[in-house]
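Please look over this structure with me. Start with the open and enclosed spaces, then turn to the DNA.

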There are 2 protein chains.
Amino acid sequence: MVSRVESAAATRRALVDAAAELLDEGGVDAVTLRAVGARAGVSRGAPYGHFPDKEHLLAAVATKSWEAVSEQLDTLTADRPPSERLQLALAGLMDVGRRRPHAYALMFSAPTAEHPEALAAVSRTHDQFLAIVADVIGDPQRARPIGALVMASVQGIIAMENSGHLTAEKWQVTGDELVRMLIGRIA
Amino acid sequence: MVSRVESAAATRRALVDAAAELLDEGGVDAVTLRAVGARAGVSRGAPYGHFPDKEHLLAAVATKSWEAVSEQLDTLTADRPPSERLQLALAGLMDVGRRRPHAYALMFSAPTAEHPEALAAVSRTHDQFLAIVADVIGDPQRARPIGALVMASVQGIIAMENSGHLTAEKWQVTGDELVRMLIGRIA
DNA sequence: CCGACTCACTTGACAATGTCATTTGAGTGC
DNA sequence: GCACTCAAATGACATTGTCAAGTGAGTCGG
């Protein structure tokens, strides 16, 4: 037996999942409210019962994507050496960028940063990342600037990889090698 | 007296300029073919005489934006010390990212990298940048990987600045300081 | 000088889409 | 058992990208 609120929550989840799938499959242009409704098994107007507009639905997708990264960071237990945790954390981020390029772009898009729920998920993930960086460099004072440099650089590497602007032929280097160069220079 | 081909070329220029203005003013959503036509003094269907579709018009805007950066790099004459030229080159890129954030995002977007004309402008600009990096580090062999790291990192810094994900309160650092940290670590 | 032609541009039309107002109907509390 | 709530469905509308057909100013051979 499903209560009304349970059904509504399930519909909301189905809408976000459907939007995420369509985003992964065909980019942001493929995420139409009609397609989302159809895949979620509801009508085209149903999203308006859960989100004020399409942008908020996409923000929910971005929030969920950030939460997935955050949960993956939770699995990096402290019994590993800090440098290994940093490497795994960056590898996890690069993995999202490569497996779900459209979702990744959405996670770092401007509208996402303006939705409180998304901001909270981003902030929590960044805090986890900063804690790892602090353990690596051993200096909490400098963790934030250095963490910002690493995060921004990795984000730029993935973004240029996905957009086709970072090719191995042109630059004689891969994204993974660039990340290794980067973390080799911050220690 | 304007010949027919001159008039057509002028219309094409007006369309690209109008699209660039609308992009700067209201983001990519504000660039509708009707608005572009109106601002260029032609009708909504006129762009189809010069571009196969809207994406090609946006690619032309990206191309022109890259060419502007390239021309600015041309002004960095070799009588400056290499490190100063690198700093000025990066400052120029950051300036575009801050003054024209939407155009900047377009320049690094995936569709842009698939249009030959845009690719040529990008490639030329990247070559100029690589030449400067080679002069700075004095090792042509390592210029490409290091240049890639710097370019990707700066791109990530600007992108996170523009999207609101890189705030001074959160990370205790500014984008400019990150760029200084970066070039300090590659020398 | 003029008639036919070219081609950039205009206009009408259409399907797709985001959004809102209205309606419907299943679950809920008295 | 009945009125009520609220999620969902439906109808409608403006906007947009795109294409087919039409138009008219510039061009060229005679």
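The points below cover the basis of the model, one annotated stretch, the empty spaces and the two DNA strands.

1. Basis. This is a predicted model, where local features need pLDDT of at least 70, side-chain atom pairs count only at pLDDT 80 or more, and totals for chains, interfaces and linings use all residues. Residues are numbered from 1 along each chain as its sequence is written, chains are lettered from A and ligands numbered from 1 in the order in which they are written, and side-chain values use heavy atoms, with hydrogens and water left out.

2. Annotated stretch. An unreviewed UniProt entry lists residues 9–69 of chain A as "domain: HTH tetR-type". Such annotations may be inferred rather than shown by experiment. In the model, residues 9–69 of chain A are 69% helix and 0% strand. The end C-alpha atoms of that stretch are 23 Å apart. Helices here are DSSP runs (H or I, at least four residues), strands likewise (E, at least two), numbered from the N terminus.

3. Largest pocket. Its volume is about 2,100 Å³. The lining has 47 residues, and Val28(A), Ala105(A), Val28(B), Ala105(B) and Ser109(B) lie nearest the centre. In chain A, helices H3 (54–74), H5 (101–107) and H7 (140–163) each give two or more residues to this lining. In chain B, H1 (4–26), H3 (54–74), H5 (101–107) and H7 (140–163) do so. A pocket is an open set of points on a 1 Å grid over the protein atoms alone, with protein on both sides within 12 Å along at least five of seven lines; lining residues have an atom within 4 Å of a point. Points are joined across faces, edges and corners, and a volume is the space filled by probe spheres set on them.

4. Pocket chemistry. The lining of the largest pocket holds 24 nonpolar, 16 polar and seven charged residues. Ala, Val, Leu, Ile, Met, Phe, Trp, Tyr, Cys and Pro count as nonpolar; Asp, Glu, Lys and Arg as charged; the others, Gly among them, as polar.

5. Largest cavity. How many cavities of 30 Å³ or more does a search of the whole structure find? It finds three. A cavity is a set of points where a 1.4 Å probe fits but cannot get out. The largest cavity has a volume of about 70 Å³. Its lining is in chain B and includes Trp66(B), Leu90(B), Phe129(B) and Met151(B). H3, H4 (82–99) and H6 (116–137) of chain B each supply at least two of the residues. By class, eight are nonpolar, one is polar and none is charged.

6. Second largest cavity. About 60 Å³ of space lies here. Val69(A), Leu73(A), Ala89(A), Leu90(A), Leu93(A), Thr125(A), Phe129(A) and Met151(A) form the lining. H3, H4 (82–99) and H6 (116–137) of chain A each give two or more of them. H4(A) has the largest share, three residues. Seven lining residues are nonpolar, one is polar and none is charged.

7. DNA strand C. This strand has 20 residues around it, the closest being Lys54(A), Thr11(B), Ser43(B), Arg44(B) and His50(B). A residue is near a strand if one of its heavy atoms lies within 4 Å of it. Of the strand C atoms within 4 Å of the protein, 49% belong to sugar or phosphate and the rest to bases. H1(B) gives the most to this surface, with three residues. The surface has six nonpolar, six polar and eight charged residues.

8. Contacts with strand C. A polar contact is a pair of N or O atoms within 3.5 Å. Which part of strand C does Arg34(A) approach with a polar side-chain atom? A base nitrogen, at 2.7 Å. Phosphate oxygens of strand C lie 2.5 Å from a side-chain N or O atom of Lys54(A) and 2.4 Å from one of His50(B).

9. DNA strand D. Of the 20 residues around this strand, Arg4(A), Thr11(A), Ser43(A), Arg44(A) and Lys54(B) come nearest. Sugar and phosphate make up 50% of the strand D atoms within 4 Å of the protein. H1(A) gives the most to the surface near strand D, with three residues. By class, that surface has six nonpolar, six polar and eight charged residues.

10. Contacts with strand D. A polar backbone atom of Ser43(A) is 2.5 Å from a phosphate oxygen of this strand. A polar side-chain atom of His50(A) also lies 2.5 Å from a phosphate oxygen. For Leu33(B), a backbone N or O atom lies 2.9 Å from a phosphate oxygen of strand D.

Methods
A polar contact is a pair of N or O atoms within 3.5 Å; within protein, one must be able to donate a hydrogen and the other to accept it, and residues adjacent in sequence count only if both atoms are side-chain atoms.
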